[in-house]
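This report describes selected residues, one helix, the chain as a whole and its main pocket. Please consult the sequence and the structure shown here alongside the text.

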Amino acid sequence: MASRKDADPNLGFLTRRDTEVKLPRPTRVKNKTPAAIQITAEQILRESRERQEAEIRPPKQKITDVTELGDYRLRKRKEFEDLIRRVRWNKSVWVKYAKWEESQKDFTRARSVWERALEVDYRDHTLWLKYADFEMKNKFVNHARNVWDRATLLLPRVDQLWYKYIHMEEILGNVAGARQIFERWMEWMPDQQGWLSYIKFELRYNEVERARTIFERFVECHPKVSSWIRYAKFEMKNGEIPRARNCYERALDKLADDEEAEDLFVAFAEFEEKCKETERARCIYKYALDHIPKSRAEELYKKFVAFEKQYGDREGIEDAIVGKRRFQYEDELRKNPLNYDAWFDYIRLEENVGDKNRIEDVYERAIANIPPAQEKRYWQRYIYLWINYVLYEELDAQNVDRTREVYNLCLKMIPHDKFSFAKIWLMAAQFEIRQLDIDRARRILGSAIGRAPKDKIFKKYIEMELQLGNIERCRKLYEKYLEWSPENCYAWSKFAELERSLAETERARALFELAIDQPALDMPEVLWKAYIDFEISESEFERTRALYERLLNRTKHLKVWISYAKFEASAIEDVQDSDENEQKKKCLQHARAVFERALSYFRTSAPELKEERAMLLEEWLNMESSFGELGNVDLVRVKLPKKLKKRRHIETEDGPAGYEEYIDYLFPEETQTTNLKILEAAYKWKKQKTVSDDD
């Protein structure tokens with residue numbers, strides 16, 4: 001019952017277990033060592049070849065009489081005709097048919113088959129070749145000529161047909177006929193090989209003039225460098241050197257701008273070299289190097305250098321090497337025209353050679369490569385091309401007008417609204433001064449101040465006017481300078497110095513007053529020092545003291561205190577009316593008063609500035625020593641601090657990172673305070689102990 005339930009009607013009432021395909025279990029390979037006798041793939045193939053059965057071939061048929069031959073031919077022709085009807089387009093069937101007819105010596109039928117084949121596809125030149133080959137092989141010369149004529153008329157662009165036709169006529173000794181075929185072919189303007197075959201044909205029969213005429217037609221049909229070189233070599237081979245030279249010259253007239261002109265120049269130079277005309281060859285090389293683009297003249301440079309090494313003197317070899325380096329620079333600049341270092345090297349090379357036209361040409365090409373962005377960092381290298389250019393024109397070429405023109409072009413090209421170069425403005429002005437044209441120099445510097453004012457331009461302009469003695473112009477320039485940059489302490493100091501040199505003391509003082517009242521100054525300490533030195537030089541001690549007091553209201557820097565004290569100590573040098581010792585004492589008292597004020601400030605208002613306070617005491621001690629008997633060194637010594645070496649934590653972002661030593665100062669008043677604190681603590685401890693004992 002179970003088996004009936006499992007039966008499947010689709011499987012013919014068989015169970016699935018009955019229909020399962022049982023595959024043999026794979027056996028495990030126990031012995032994996034290689035066999036004693038190894039069989040190669042070659043041996044297996046050889047054995048399979050030997051065991052093949054012999055090919056079954058049809059039996060050979062022997063024809064014994066004419067009737068059997070006729071039957072055989074009829075049957076064979078019927079097979080070919082049936083095959084042609086089925087595959088008319090298959091050329092191999094036609095060829096086999098024609099060759100079979102040829103083997104039966106029935107040339108008329110064979111010719112008919114070839115004609116029928118050509119009607120199917122006359123554009124297939126292989127059919128024409130086999131047809132003509134059939135006629136020639138069986139010595140039907142006129143038939144062969146007829147085939148060749150028809151083939152070349154229908155397929156004039158197939159060179160093989162012409163070659164075979166000409167070859168046949170030449171074998172038959174029909175030179176005139178072969179020449180006539182060549183002429184017919186040349187009317188179709190074949191490729192170079194066809195013309196060269198015609199030339200070789202004429203040369204085989206020593207027809208040099210005919211060959212020359214054909215060469216003339218050849219270079220007209222194919223005006224290429226290789227054609228002219230072949231023509232020239234032909235003339236050279238025949239010993240016609242003037243004719244060969246004429247060929248090269250005509251070729252250069254027509255093909256000087258051709259892409260392959262380099263090969264023509266090299267061939268021409270080598271021809272002259274063979275003719276022992278080294279100067280002619282050198283001129284050709286130089287002319288070529290001047291006219292051929294550098295990108296196509298690499299081989300030409302190599303040939304020229306080799307030529308100069310063989311035939312040239314030292315100067316010629318150097319010229320060749322310069323030409324090679326010139327080519328390298330051109331190649332590098334073609335890849336990156338903004339490589340200004342390469343331009344500098346190229347210009348230096350041309351300047352060493354000394355060809356003025358070449359130098360100016362390279363400079364013009366270099367300055368034409370303007371930086372792509374209007375940012376000063378891109379222009380800083382480029383601007384030196386202009387600087388070198390103007391220096392060359394002025395110093396080497398000594399062309400004043402050209403130098404002025406280059407300066408004007410450079411100044412027009414710089415975008416002054418974004419950035420400028422003071423060096424160019426100043427060089428242009430100095431150039432005009434060297435030409436004794438002061439007005440033009442003033443115009444240049446005036447334009448510079450108006451369009452792109454800079455400190456350097458103001459300084460040089462003022463210096464020029466001062467040398468010329470134009471004081472009013474200097475004052476106006478200083479006013480412009482200070483309008484443009486009111487925070488410039490250098491300009492204020494120099495303006496006041498100018499007025500002082502002119503004995504205009506009040507003007508100078510007024511300028512200093514204006515300067516120190518400015519809300520912002522770049523170096524105020526320089527300005528104050530200049531003002532104080534000015535008052536001291538004028539022996540205005542009261543004004544100087546007032547200045548120091550005003551300065552101390554602004555800043556209590558250590559250097560100000562020391563300078564003030566030194567001034568008070570040295571004020572005696574300009575006093576001559578009264579007793580010298582009295583004046584010295586007075587000055588010493590004033591200086592001590594300043595030091596006392598400074599010490600008081602550092603003790604009360606800035607107690608953390610211990611090092612500055614110690615330096616102040618050192619200066620005071622030195623001053624007391626310098627006064628000799630009048631000075632009181634002990635007065636200062638009791639105030640000197642003790643130096644202590646201490647350690648402190650080094651704090652970093654990650655926390656403490658060790659210790660460092662530093663110098664600390666312990667002043668006498670700090671020592672007394674410390675001692676009092678210790679006594680107070682001891683007294684408190686004693687009191688507490690007494691109370692505890694009583695308890």
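## Ala-151 and Ala-132

In this predicted model, Ala-151 belongs to helix α8, which covers residues 141–154. Because its relative accessible area is 0%, below the 20% limit for burial, Ala-151 is classed as buried. Apart from residues up to four places away in sequence, Ala-151 touches Trp-128 and Leu-161. Its C-alpha atom lies 8.6 Å from that of Leu-129, a residue 22 positions apart from Ala-151 in sequence.

Ala-132 is located in helix α7, residues 125–137. With a relative accessible area of 0%, Ala-132 is also buried. The residues touched by Ala-132, again leaving out those up to four places away, are Ala-144, Val-147 and Trp-148. The C-alpha atoms of Ala-132 and Ala-144 are 5.2 Å apart, although 12 residues separate the two along the chain.

## Helix α11 and its surroundings

Helix α11 is formed by residues 192–204, 13 in number. From its first C-alpha to its last, α11 reaches 18 Å, close to the 18 Å expected at 1.5 Å a residue. The buried residues of this helix are Gln-192, Gly-194, Trp-195, Leu-196, Ser-197, Tyr-198, Ile-199, Phe-201 and Glu-202. They pack against α9 (159–171), α10 (175–186), α12 and α13 (225–237). Just after α11, Asn-206 adopts a positive phi of about 60 degrees.

One of the buried residues of α11, Ile-199, can be related to a position in α12. Thr-213 lies in helix α12, which comprises residues 208–221. The C-alpha atoms of Thr-213 and Ile-199 are 9.3 Å apart in space, and the two residues are 14 apart in sequence. Thr-213 counts as partly exposed because its relative accessibility, 46%, falls between the 20% and 50% limits.

## Glu-235

Glu-235 is a residue of helix α13. At 1% relative accessibility, Glu-235 counts as buried. When neighbours within four places in sequence are set aside, Glu-235 is in contact with Arg-212, Glu-240, Arg-243, Ala-244 and Cys-247.

## Loop residues with positive phi

Most residues other than glycine have a negative phi. Lys-276, which is not a glycine, has a positive phi of about 65 degrees. Lys-276 is placed in the loop between α15 (261–274) and α16 (278–291). Its relative accessible area of 69% is over the 50% limit, and therefore Lys-276 is classed as exposed.

Leu-436 likewise has a positive phi of about 65 degrees without being a glycine. The loop that holds Leu-436 runs between α23 (422–434) and α24 (438–451). Is Leu-436 buried or exposed? Leu-436 is exposed, with a relative accessible area of 75%.

## The largest pocket

The largest pocket has a volume of about 420 Å³. Its lining consists of 14 residues, and those lying nearest its centre are Glu-525, Lys-529, Lys-559, Val-560 and Ser-563. Three elements give two or more residues to this lining: α29 (524–537), α30 (541–554) and α31 (558–570).

Helix α29 supplies the largest share of the lining, six residues. By class, six of the lining residues are nonpolar, three are polar and five are charged.

## The chain as a whole

The chain contains 35 helices and two strands. It has 695 residues, of which 36% count as buried. The accessible surface of the chain comes to about 44,500 Å², and carbon and sulfur atoms account for 49% of this area.

Among contacts in the chain with a separation of 6 or more, 46% are between residues 24 or more positions apart.

How values were computed: Residues numbered from 1 in each chain as written. Predicted model: local features only at pLDDT ≥ 70, side-chain atom pairs only at ≥ 80, totals over all residues. Heavy atoms only, no water. 1 Å grid on protein atoms, 1.4 Å probe; cavity = no way out; pocket = protein on both sides within 12 Å on 5 of 7 lines; lining within 4 Å. Points joined across faces, edges and corners; volume = space filled by probe spheres on them. Helix = DSSP H or I, 4+ residues; strand = E, 2+ residues; numbered from the N terminus. Nonpolar A, V, L, I, M, F, W, Y, C, P; charged D, E, K, R; others polar. Buried < 20%, exposed > 50% of the residue type's maximum accessible area, 1.4 Å probe, protein only. Expected span 1.5 Å × (residues − 1). Contact = heavy atoms within 4.5 Å. Areas by Shrake-Rupley, 256 points an atom, 1.4 Å probe, with all protein chains shown as cover.
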